[in-house]
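Here are my notes on the model, set out as numbered points. They concern the ligand and its surroundings.

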Amino acid sequence: MSQQMNQKKTVKKLRIDKILSHMGYGTRSEIKKAVKNGYVTVNGKRIKDSGMQVDPYKDLIEIDGETVKYREFIYLMLHKPPGVISATEDVREKTVIDLLDPEYALFQPFPVGRLDKDTEGLLILTNDGQLSHNLLSPKKHVPKTYEAVVSGEMGEKEIHAFQQGVTLDDGYTTKPAVLEIISVDPSEEGTTSRVLVTIHEGKFHQVKRMFEAVQSKVLYLKRISMGALQLDPLLPIGSFRELTEEELNILTETEITK
Ligand code: URA
């Protein structure tokens, strides 16, 4: 996939030093020096002013002969492992940003919503605030599906309760959710159930609290989709990759239509 393809283009003209530092070619003062020393060309012409305004998508920018492929936003799919927190920085805990290569961290992405420290699965990371806002807006009701292993035997009663909405410990009654039972597994330590649950909102610890409301406990939780975007089953846990253009379209569609 080309870097340029996976983009929403919102930028017109920007200072060349801003473009080059955004793309990881150094600090503003290092870039100023590179310009002064004649390493930077725009449309084949050596430039002198590191404050020059250029169109990063239309003008051909080269630094030391290398073409600069500008992009403003990045969109990543992370298969979040347990044990890392959904934050951009933390003094004590490892964050999802610590799992990225520096070339991606440079764009200062942030997670779109949160998964608990012990939850695994699909987490989108981006620096596109508008997309994030639209996906998380309570007005859009973007569905999120989780696979879970929970204590006890789930059945028709719980399916119905989730459909009706359950009342959480703080008195809030959830919007209708879909509970599907994959299997009920008796064992010596007690029966557990493997389920899929789809919710359309994102309250704090929502899935865990919904199961508590039906006298169960979440033992394992993994998000497998957000809107129409599925976690790539081939993406190893702890790994990330850029969204394909098709996946980005799926997400953008989600934000428009939901
Ligand atoms: N619901 C939870 O309880 N935890 C998560 O991480 C996500 C949804």
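1. The shell around the ligand takes at least three residues from each of two domains, namely domain 2 (75-138 + 228-257) and domain 3 (144-226), where the bounds come from an automatic or database domain assignment. This is a predicted model, in which local features need pLDDT of at least 70 and side-chain atom pairs count only at pLDDT 80 or more, while totals for chains, interfaces and linings use all residues. Residues are numbered from 1 along each chain as its sequence is written, and side-chain values use heavy atoms, with hydrogens and water left out.

2. The residues surrounding the ligand (a heavy atom within 4 Å of it) are Leu 115, Asp 116, Thr 119, Tyr 146, His 205, Gln 206, Val 207, Lys 208 and Leu 221. Helix H6 (residues 206-213), a DSSP run of H or I with at least four residues, gives the largest share of this shell, three residues.

3. Polar contacts (pairs of N or O atoms within 3.5 Å) reach oxygen atoms of the ligand from the backbone of Asp 116 at 2.7 Å, from the side chain of Thr 119 at 2.8 Å and from the backbone of His 205 at 3.2 Å. On its own the ligand has 240 Å² of accessible area, of which the protein covers 96%, as computed by the Shrake-Rupley method with a 1.4 Å probe.

4. Beyond the ligand, the chain also has domain 1 (14-67), and the C-alpha centres of domain 1 and domain 3 are 53 Å apart.

Notes: A polar contact is a pair of N or O atoms within 3.5 Å; within protein, one must be able to donate a hydrogen and the other to accept it, and residues adjacent in sequence count only if both atoms are side-chain atoms. Helices (H or I, at least four residues) and strands (E, at least two) are DSSP runs, numbered from the N terminus.
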